[in-house]
There are 2 protein chains.
Amino acid sequence: MTDVIPQTDPLALDRQVCFALSIASRSVLAIYRPLLQPLGLTHPQYLAMLALWEHERLSVKELGELLQLDPGTMSPLLKRLEAIGYVTRRRDVNDERVLVVSLTQRGRALRAEAEKIPPAIVEALGMGLDELQHLHATLTRVIGAARGAAAR
Amino acid sequence: MTDVIPQTDPLALDRQVCFALSIASRSVLAIYRPLLQPLGLTHPQYLAMLALWEHERLSVKELGELLQLDPGTMSPLLKRLEAIGYVTRRRDVNDERVLVVSLTQRGRALRAEAEKIPPAIVEALGMGLDELQHLHATLTRVIGAARGAAAR
DNA sequence: TCCTAATCGTTGGTGTGCAAACTAAATGTA
DNA sequence: TACATTTAGTTTGCACACCAACGATTAGGA
């Protein structure tokens with residue numbers, strides 16, 4: 001009972017879940033930033049690399065679906081990854097509409113560096129693994145609920 | 001036990017908390033968007049209005065601290081709110097460095113419209129209030145942990 | 001086969017977020 | 001009082017994130 005005065009205002013800033021969600025997301029990204037900088041990656045670029053380390057080659061559309069990002073967001077992002085030299089972008093031979101993104105040798109090699117990041121984050125956050133797993137589960141439920149709402 | 005094959009790869013995309021956090025944040029914001037559009041507000045602008053409905057008048061610095069946003073982000077955002085006609089921006093008479101942001105009549109009146117939003121969100125998400133409160137508490141812990149890490 | 005519709009990615013516009021350089025104003029100190 | 005320092009906002013540059021319009025390609029149907 002930290003609040004003597006009951007918070008009844010549904011518009012109180014510190015009661016908004018969306019507000020907590022934005023800040024939490026930005027705060028956690030801020031921890032990644034210095035760790036990703038040596039790799040030359042931003043956080044969305046890092047997520048794209050994670051997807052490629054898992055799948056080796058993906059179309060822009062598939063990557064966008066995995067990361068839940070617009071093609072208009074993916075397109076320039078992938079061009080930057082290509083400019084750095086971590087991926088190649090080539091039209092599919094069987095369907096000239098689709099652009100296949102593949103890892104370069106340098107992109108594949110980067111994985112070894114990236115493996116240091118998750119433990120560094122956990123260490124920096126100072127939260128237990130069980131707690132983080134629980135958070136992950138909760139967030140997954142929110143994502144499901146939000147996507148359900150969007151579909152309606 | 002949905003996973004037959006144990007997920008041991010710490011770089012698996014769907015195990016990253018940062019990934020879940022980004023997507024959850026964006027997914028929830030997507031629910032706000034159509035609700036805020038009639039008010040002519042983006043989500044960050046909505047958060048600024050929440051702060052002003054609570055405090056009536058705030059300096060740019062104070063607003064930035066409340067919303068955890070850069071002055072470089074606040075500055076153009078507040079100009080847009082002024083252009084719409086919801087706030088005024090005036091230099092403080094006692095200290096010409098600080099810019100005081102205050103609500104206009106229209107800005108104050110908007111609150112009545114905004115009151116419909118939180119229940120609409122809860123309804124759309126279809127999650128229980130207790131569940132949302134629990135999420136809020138968890139996010140608050142993450143924010144604290146992340147801010148602690150940043151300070152180190 | 002020809003034509004319409006659907007698919008895939010790109011481009012341009014707007015609005016954040018963050019960092020760094022900059023201006024104006026106030027503060028503290030010699 | 002004069003000057004260096006600090007503080008508050010603005011501006012610029014870059015990278016998302018989303019939307020709408022567009023061009024190229026493919027698939028489907030008359």
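Helix 4 of chain A supplies four residues to the surface near DNA strand C, the largest share of that surface. The model described here is predicted. In total, 25 residues surround DNA strand C, and the closest are Ser75(A), Lys79(A), Arg89(A), Thr42(B) and Gln45(B). By residue class, this surface consists of twelve charged, seven nonpolar and six polar residues.

On the side of the nucleic acid, sugar or phosphate accounts for 86% of the atoms of DNA strand C within 4 Å of the protein, and bases account for the rest. Polar contacts to phosphate oxygens of DNA strand C involve both backbone and side-chain atoms of chain A. A polar backbone atom of Lys61(A) is placed 2.8 Å from a phosphate oxygen, and for a polar backbone atom of Val60(A) the corresponding distance is 3.3 Å. In Arg89(A), a polar side-chain atom lies 2.5 Å from a phosphate oxygen of the strand. Two or more residues of the surface near DNA strand C come from each of helix 1 (17-36), helix 3 (60-67), helix 4 (71-84) and strand 2 (87-91) of chain A, and from each of helix 2 (43-55) and helix 4 (71-84) of chain B.

Apart from the DNA surface, the largest nonpolar core was examined. This core comprises 104 residues, and Tyr46(A) and Tyr46(B) have the most contacts inside it. The core lies between domain 1 (30-115) and domain 2 (126-152) of chain A, because both domains give residues to it. Beyond its neighbours within four places in sequence, Tyr46(B) contacts Leu11(A) and Gln16(A), as well as Tyr32(B), Leu36(B), Leu41(B), Ala114(B), Ile117(B) and Pro118(B).

Conventions. Residues are numbered from 1 along each chain as its sequence is written. Chains are lettered from A and ligands numbered from 1 in the order in which they are written. This is a predicted model: local features need pLDDT of at least 70, side-chain atom pairs count only at pLDDT 80 or more; totals for chains, interfaces and linings use all residues. Side-chain values use heavy atoms; hydrogens and water are left out. A nonpolar core is a set of buried Ala, Val, Leu, Ile, Met, Phe, Trp, Tyr and Cys residues joined through side-chain atoms within 4.5 Å. Buried means under 20% relative accessible area, exposed over 50%, partly exposed in between (1.4 Å probe, protein chains only). Domain bounds come from an automatic or database domain assignment. Contact means heavy atoms within 4.5 Å. A residue is near a molecule or strand if one of its heavy atoms lies within 4 Å of it. A polar contact is a pair of N or O atoms within 3.5 Å; within protein, one must be able to donate a hydrogen and the other to accept it, and residues adjacent in sequence count only if both atoms are side-chain atoms. Ala, Val, Leu, Ile, Met, Phe, Trp, Tyr, Cys and Pro count as nonpolar, Asp, Glu, Lys and Arg as charged, and the others, Gly among them, as polar.
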